[in-house]
Each structure stands twice: as structure tokens, then as C-alpha cells.
Amino acid sequence: MNNEGNETADWSMSDIEALSEGEFENMMNEVHEAMGLSTSIDDGLPTFSHDILRLEIHGPHENHLSVIDVPGIFKTTTPGLTTKADIVLVRDMVLSYMRNPRSIMLAVVPANVDIATQEIIEIARELDPDGQRTLRILTKPDLVDEGAEDKIIELVERKPETQGLGWVVVKNLGQKDLHDSSKIRDIEEKKFRSSPPWSRLSKQNYGIEALGWRLQALLASNVRREFPKVSFLCRG
């Protein structure tokens, strides 16, 4: 774990060959205890922390990426769960990463909401006006109202020069499917795209595999752009 950039030895776990759902749940319970975070409503413990849990996954087929999963920005408190201080803490945390010119911003928005009203899209536009480090991700396409699918597809398939890096549609398992062992995420995602009108989505704009390739390309582009600056600093 991290505390505002400083390594701590409060909790660690290593040499795990596979992380099952049960093991991950046990791990997160230990992490919550080490961080002093809330595990139930009204237990008096904070919901958010400046501490950072770092999970490293190594393997010959793993992508070379560092992904930082930050909380979603919110404006309304929940009694017994979040406070006004949490609103400020989360917003400052998210903006600190978004302001970093080397960060690739993944702006995740559900497809079944009014995208124009999503604050994260507006913040990303302000911090990255050229859209060269903002990749927008649409989730929950299966919840889009019938008849509204064409607008979503038109938005996603629009030429990249009109919206920076563009959009990628990702379909994860719903709550019901998560408890069905016969449902395999990647298979269900591919099956969904095979049904109209979603079959009109291009391969580069749909699915977790497409997202992985896009991120790898963005990472390589970032390295090429930032490496001369690092080299310059070393010479200085």
C-alpha cells in the first residue's frame, strides 16, 4: 500500500499464482482493515482514504500497463457512508491524476444516461482540450432504451478527428449474470455485438480486446512523446 506517495509496510501479499473471487474478497477485507476503512454503514470509519492499494500482475501474456482505478466524482453525501470532506478528497484525488500530462484518461460513462451531462467528460475536455489523452468508454449498452441505439452507434463511429481518441463500447456482465457460472464475460460480450443494431459497431470500437489494443498503442505513443523530456532532464 501507498500513503501519499510513501511506501508503507502495513500490509502486503505476494507470490499469488491465481487470484480467485474468494481470495480477492479476503484480500480486500484485509486491506480495508489495514487502511482503517469502513466495511459497513454507520461503523464510524471513513469510506475513502489517501492510501493506495497497488496490485501488480506479472505474466508472459499480460499487458504492460499501469491502471489507476480512482473513485467516481460525486456531489451528494450519503448519511452514514460519505461526508462533505469525502467529496473534496475524491475530487482532489481524481484531478491530481487527470492533470498529469503523462496520464491517459479513461472517461467511463454508462450508455443509458445523458452523456452531455456527465461531469467527467467536461472535466476531461477542460484538462485535455485536444483530446489526445482521453479515451471515452461506454458501458452498459444493453440498458440503452429501445430506439436510442442508433444515436449511441453514431457517436461511437464518428470520425476520430471530431472527438480526439473517440469511444470504445464495453459490455460487462450484469449483476444477475455475475452469479451465473455458465456466463463467461468475453463470450457474452462477443455474443452481444453479434445482434443488431450493435453488430454495426466496428471491431476497433467494441470490446475489452479492442480497449486493450488501444491502450497499448496509447502507451507507446506516450513513451515516444515523453522520453525526450526524461532524457533532457538526465543530461541536465
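The protein chain has seven helices and six strands, here in a predicted model. Along the sequence, these elements follow the pattern β-β-α-β-α-β-α-β-α-β-α-α-α. The C-alpha atoms fill a box of roughly 55 × 50 × 40 Å along the principal axes, and 31% of the 236 residues count as buried.

**Exercise 1. Helix H6**

Task: State which residues of H6 are buried and where they lie around the axis of H6.

Solution:
- Step 1. The buried residues of H6 are Arg185, Glu188, Glu189 and Phe192.
- Step 2. These residues lie on the same side of H6, because they cover an arc of only 100° around the axis.
- Step 3. An α-helix has 3.6 residues a turn, so residues three or four places apart point the same way.
- Step 4. Phe192 has a further contact: the charged end of Lys171 sits over the ring of Phe192, 5.7 Å from its centre.

**Exercise 2. Salt bridges**

Task: Examine three of the seven salt bridges in the structure and locate the partners of the pair Arg91 and Glu119.

Solution:
- Step 1. Side chains of opposite charge can pair when their charged atoms come close.
- Step 2. Arg54 and Glu56 form a salt bridge, with 3.5 Å between the closest N and O atoms. Glu56 is exposed, because its relative accessible area is 51% and the cut-off for exposed is over 50%.
- Step 3. In the salt bridge of Arg91 with Glu119, the closest N and O atoms are 2.8 Å apart. This pair links distant parts of the chain, with Arg91 in helix H2 and Glu119 in helix H3, 28 residues apart.
- Step 4. Arg91 is partly exposed at a relative accessible area of 30%, and Glu119 is partly exposed at 26%.
- Step 5. Arg200 and Asp150 meet through their side chains in a salt bridge of 2.9 Å, N to O. Here too distant parts of the chain are linked: Arg200 is in the loop between H6 and H7, Asp150 is in helix H4, and the two are 50 residues apart.
- Step 6. Asp150 counts as partly exposed, because its relative accessible area is 43%.
- Step 7. Arg185, Asp186 and Glu189 are joined into one network by salt bridges that share partners.

**Exercise 3. Aromatic pairs**

Task: A search of the whole structure finds two aromatic pairs; describe the pair of Phe48 and Phe74.

Solution:
- Step 1. The rings of Phe48 and Phe74 are 5.8 Å apart, centre to centre, with 25° between the planes.
- Step 2. The pair counts as stacked, because planes under 30 degrees apart meet that cut-off.
- Step 3. Phe48 lies in the loop between helix H1 and E3, and Phe74 in the loop between E3 and H2, so the pair links distant parts of the chain, 26 residues apart.
- Step 4. Phe48 and Phe74 are both buried.

**Exercise 4. Backbone and surface**

Task: Describe the backbone at Lys140 and Pro197, then the nonpolar patch that includes Leu55.

Solution:
- Step 1. Lys140 is a residue other than glycine with a positive phi, near 55°. Its place is the loop between strand E5 and H4.
- Step 2. Pro196 and Pro197 are joined by a cis peptide bond with omega of about 5°. Pro197 is in the loop between helix H6 and helix H7.
- Step 3. Met13, Ile16, Leu19, Phe24, Leu55 and Ile57 form a nonpolar surface patch, with about 530 Å² of accessible area together.
- Step 4. Within this patch, Leu55 counts as partly exposed, because its relative accessibility is 49%.

Technical notes: Residues numbered from 1 in each chain as written. Predicted model: local features only at pLDDT ≥ 70, side-chain atom pairs only at ≥ 80, totals over all residues. Heavy atoms only, no water. Helix = DSSP H or I, 4+ residues; strand = E, 2+ residues; numbered from the N terminus. Patch = residues over 30% accessible without salt bridge, like charges linked within 9 Å, V, L, I, M, F, W, Y side chains within 5 Å. Areas by Shrake-Rupley, 256 points an atom, 1.4 Å probe, with all protein chains shown as cover. Salt bridge = Lys/Arg side-chain N within 4 Å of Asp/Glu carboxyl O. Buried < 20%, exposed > 50% of the residue type's maximum accessible area, 1.4 Å probe, protein only. Arc of directions from axis to C-beta. Phe/Tyr/Trp six-rings, centres within 6.5 Å; stacked < 30°, edge-to-face > 60°. Lys NZ or Arg CZ within 6 Å of the ring centre and 35° of its normal.
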